[in-house]
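Q: Could you walk me through this structure slowly, with the model open beside us? I would like to ask things as they come up.

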Amino acid sequence: MPRIFITGSTDGLGRAAASVLLGDGHDVVLHARTLERAAVLSDLAPDAAGVVIGDLASAAQTRELADQVNRIGRMDAVIHNAGVFLEPSRATTADGHAKTLAVNTLAPYLLTALIDRPDRLIYLSSGLHHAGAGSLRDIDWTGRQWNAQRAYAESKLYIITLALTLARAWPDVLSNAVDPGWVPTKMGGAAATDDLEMGYRTQTWLAVSNDAAATVSGGYWYHRQRQEPAAEARDPAFQDQLMDRLAVLTGVELF
């Protein structure tokens, strides 16, 4: 059975995806930010292929997280599900980065570079990425006045761009991005109106299904339907510029 690593699997979409995949008999590697957070996985952990610990806001812990995953063995799929939403301030990490960028973009980039290459990659994005279009001059918000919604939208544009860049650069890997919709999770809130189940089942479908529709690369998906992402995400020049920025910010080159 496929082995799947899911970041941010202690609650919300990540936990739901893990539960479905475990229930279907797959090997799932769970992730928690801290040992304390891992305690909430006590019901899933006995059936899991492992539980790895690391705070994605920390570059050092993200690197160690990749090492933990590699020690378990090669993954067939990685679902980059973890993320933060509206940070009230730039919330500088220990590495000096804006927390929104660090968790939503830099950590998935680092994990992609450092985890043994799987067959499938799934990145969680958002329909709000359309509001993130623009310049790459200050992606870490060192010069601009902080705007939480704009920072989130940009981080989700960057993660779609990463997914589509990988689809172009790694033809042996199925790389896709998913918009789960506005769903009632801790992040989305109780007032959210989209279908939670379709949100996480799109992730699991792309991770393990052999359906012809799921075995494609370079897609941006909403409820198992391909959507059109922002033009920047599809632009090879923008893709290359973003990869250069992320390599500088992380000290790791993906290509």
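**Helix α8 and its surroundings**

Q: Let's start with Met243; which helix is it in?
A: Met243 sits in helix α8, and please keep in mind while we talk that this is a predicted model.

Q: Is Met243 buried or exposed?
A: Met243 counts as buried, because its relative accessibility is 6% and the cut-off for buried is under 20%.

Q: What does Met243 touch, leaving out residues up to four places away in sequence?
A: With those left out, Met243 touches Tyr109, Leu162, Thr165, Leu254 and Phe255. Of these, Leu254 is 11 residues from Met243 in sequence, and their C-alpha atoms are 7.7 Å apart in space.

Q: Which other residues of α8 are buried?
A: Alongside Met243, the buried residues of α8 are Phe238, Gln239, Leu242, Leu246, Ala247 and Thr250. The buried residues of this helix pack against α3, α4, α5 and α7, the last of which covers 231–234.

Q: Is there a general reason for spacings like three or four along a helix?
A: An α-helix has 3.6 residues a turn, so residues three or four places apart point the same way.

Q: How does the span of α8 compare with what 1.5 Å a residue should give?
A: The two agree, because the 15 residues of α8 should span 21 Å at 1.5 Å a residue, and the end C-alpha atoms of the helix are 21 Å apart.

Q: What is found at the start of α8, and what comes just after it?
A: At the start, a side-chain oxygen of Asp235 comes to within 3.1 Å of the backbone nitrogen of Ala237. Just after the helix, Gly251 takes a positive phi of about 75°.

Q: And Thr250, what does that one touch?
A: Thr250, which also belongs to α8, touches Arg63, Leu106, Tyr109 and Leu110, again not counting residues up to four places away in sequence. Thr250 is buried, with a relative accessible area of 14%, and a polar atom of its side chain lies 3.2 Å from the backbone nitrogen of Val252.

Q: Changing topic, how many residues are in the largest nonpolar core?
A: The largest nonpolar core has 48 residues, and those with the most contacts inside it are Phe5, Tyr158 and Leu162. The elements giving two or more residues to this core are α3 (59–72), α4 (99–114), β5 (120–124), α5 (148–169) and α8 (236–250). Among them, α5 gives the most, with 10 residues.

Q: What are some of the residues that Phe5 touches?
A: Phe5 touches, among others further than four places away in sequence, Val29, Leu30, Val52, Leu65, Met75 and Ile115. There is also a second, separate core of 28 residues, which includes Ile6, Leu13, Ala32 and Ala207.

Q: Now the strands: in what order do they form the sheet?
A: Eight strands form an open sheet in the order β3-β2-β1-β4-β5-β6-β7-β8, with mixed pairing. The edge strands, each pairing on one side only, are β3 (50–53) and β8 (225–226).

Q: How does β7 join β8?
A: Strand β7, residues 220–222, is joined to β8 by 2 bridges, and the two run antiparallel. Within this pairing, Tyr222 has Gln225 in β8 as its bridge partner.

Q: Which strands do α1 and α3 lie across?
A: Helix α1, residues 12–23, lies across β1, β2, β4 and β5 and runs at about 165° to β1. Helix α3 lies across β1, β2 and β3, and runs at about 160° to β3.

Note on methods:
Residues numbered from 1 in each chain as written. Predicted model: local features only at pLDDT ≥ 70, side-chain atom pairs only at ≥ 80, totals over all residues. Heavy atoms only, no water. Core = buried A, V, L, I, M, F, W, Y, C linked by side-chain atoms within 4.5 Å. Buried < 20%, exposed > 50% of the residue type's maximum accessible area, 1.4 Å probe, protein only. Helix = DSSP H or I, 4+ residues; strand = E, 2+ residues; numbered from the N terminus. Contact = heavy atoms within 4.5 Å. Expected span 1.5 Å × (residues − 1). Polar contact = N/O pair within 3.5 Å; in protein donor to acceptor, adjacent residues only side chain to side chain. Pairing = 2+ DSSP bridges. Axes fitted to C-alpha atoms, helices over the stretch in contact; angles between N-to-C directions.
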